[in-house]
Number of protein chains: 2
Amino acid sequence: MEKELETIFAQQKLRITRPRREIFRVLQQSQAPLSASMINTHCTTADRTSVYRTLELFHRLSIIKSVQFGWRQRYELADPFKIHHHHLSCTQCGRLIDLQSPEIENLVNVVASQNNFVVTDHTFEIRGLCQDCR
Amino acid sequence: MEKELETIFAQQKLRITRPRREIFRVLQQSQAPLSASMINTHCTTADRTSVYRTLELFHRLSIIKSVQFGWRQRYELADPFKIHHHHLSCTQCGRLIDLQSPEIENLVNVVASQNNFVVTDHTFEIRGLCQDCR
DNA sequence: CATCTTATTGCAACAAATTTGCAATAAGAA
DNA sequence: TTCTTATTGCAAATTTGTTGCAATAAGATG
């Protein structure tokens, strides 16, 4: 996947730098989505400022996507860098269940073409109470 | 819909106050989702603090929901107060197209019951380039 | 309608999160 | 190895979000 990163960067005169590598790795090694400040604390070398700037860059390049996490937002790697999935999220205990569904992928395409949209990404998330908390 | 508000509040010893009314109205009159600070500037009487507190309260009561808007998150009225819908969002120009789809609603229920989940809310969002920006 | 209880507000002071300007640094092309 | 310039780190400024608390005002009650 570092391979893919290089490809993306190569073109638009962007450089693969140490902070960018580190932030990417942090995101990659995390199971759950992370908030900006969590990413911060996981980065030993990259400066706070770089984290924010990199996060925005990654988002613009669709390398990461942001997802709802409780009342706030967090980030995780996007499609080509992670197996595409969605979330079932328990509002009580915070549990996050990954979910894959061909039907959704399908629906995305149908809806998009109906609206003349070129899809780059999508999000599907169900919030509620999990088995244990219901 | 003010009617519904009253019903919700009546029970749990909550009061319908001026700031709460104002914030609700601001949300109601807005086409697009608003950020906390946008809501702030639209409120003439309610204090910043009240806005934050009210937003959290409304969220807990499922009166509003938060949605992705570009890189950040914004709020809009939830189901009973607005027709349930999803978003097609253009990453280029920021355009937001409302979308309704019975299939999604359906899928939500199927997936949820497969996982023993009690659904309280869900999000579906497609990001990409709109007709004009593609 | 006056009164009483207490949920809610506004404010001021904090604390945390995010942004900006800029000189120093280091990718990566030549 | 050199050179260009994208990117970084740092310090300072802003913007966002939070907390404690006395003052206020919903709305229940008589």
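Reader: What makes a residue count as one of those that surround DNA strand C, and how many are there?

Author: In this predicted model, a residue is counted as near the strand if one of its heavy atoms lies within 4 Å of it, and 19 residues surround DNA strand C, the closest being Tyr52(A), Arg15(B), Arg20(B), Ser50(B) and Arg53(B). By type, the residues of this surface divide into five nonpolar, five polar and nine charged.

Reader: Which helices supply at least two residues of the surface near DNA strand C?

Author: They are helix H4 of chain A, together with helix H2 and helix H4 of chain B, and H4(A) gives the most, with four residues.

Reader: Which part of DNA strand C do the atoms within 4 Å of the protein belong to?

Author: Of those atoms, 65% belong to sugar or phosphate, while the rest belong to bases.

Reader: What makes the approach of Ser50(B) to a phosphate oxygen of DNA strand C a polar contact?

Author: The cut-off for a pair of N or O atoms is 3.5 Å, and an N or O atom in the side chain of Ser50(B) is 2.6 Å from a phosphate oxygen of the strand, so the pair falls within the limit. The side chain of Thr17(B) has an N or O atom 3.0 Å from a phosphate oxygen, and a polar backbone atom of Asp47(B) is 3.2 Å from one.

Reader: What else does Asp47(B) do, and why is it said to cap H4(B)?

Author: Asp47(B) caps the N-terminal end of H4(B), where a side-chain oxygen of Asp47(B) lies 2.8 Å from the backbone nitrogen of Thr49(B), a value within the 3.5 Å allowed for a polar contact.

Reader: How do you know that the buried residues of H4(B) line one face of the helix?

Author: The buried residues of H4(B) are Ser50(B), Val51(B), Thr54(B), Leu55(B), Leu57(B) and Phe58(B). Seen down the axis of H4(B), they fall within an arc of 165 degrees, and therefore they line one face. The face turned away from this buried side carries the exposed residues Arg48(B), Arg53(B) and Arg60(B).

Reader: Why is Lys65(A) called buried?

Author: Lys65(A), which has its place in strand E1 of chain A, has a relative accessible area of 5%, and buried means under 20%, so the word applies to Lys65(A). The side chain of Lys65(A) reaches the backbone oxygen of His122(A) at 3.1 Å, and, leaving aside neighbours within four places in sequence, Lys65(A) is in contact with residues including His59(A), Tyr75(A), Asp121(A) and, from chain B, Arg127(B).

Terms used: Residues are numbered from 1 along each chain as its sequence is written. Chains are lettered from A and ligands numbered from 1 in the order in which they are written. This is a predicted model: local features need pLDDT of at least 70, side-chain atom pairs count only at pLDDT 80 or more; totals for chains, interfaces and linings use all residues. Side-chain values use heavy atoms; hydrogens and water are left out. Buried means under 20% relative accessible area, exposed over 50%, partly exposed in between (1.4 Å probe, protein chains only). A polar contact is a pair of N or O atoms within 3.5 Å; within protein, one must be able to donate a hydrogen and the other to accept it, and residues adjacent in sequence count only if both atoms are side-chain atoms. Contact means heavy atoms within 4.5 Å. Ala, Val, Leu, Ile, Met, Phe, Trp, Tyr, Cys and Pro count as nonpolar, Asp, Glu, Lys and Arg as charged, and the others, Gly among them, as polar. The arc is that of the directions from the helix axis to the C-beta atoms.
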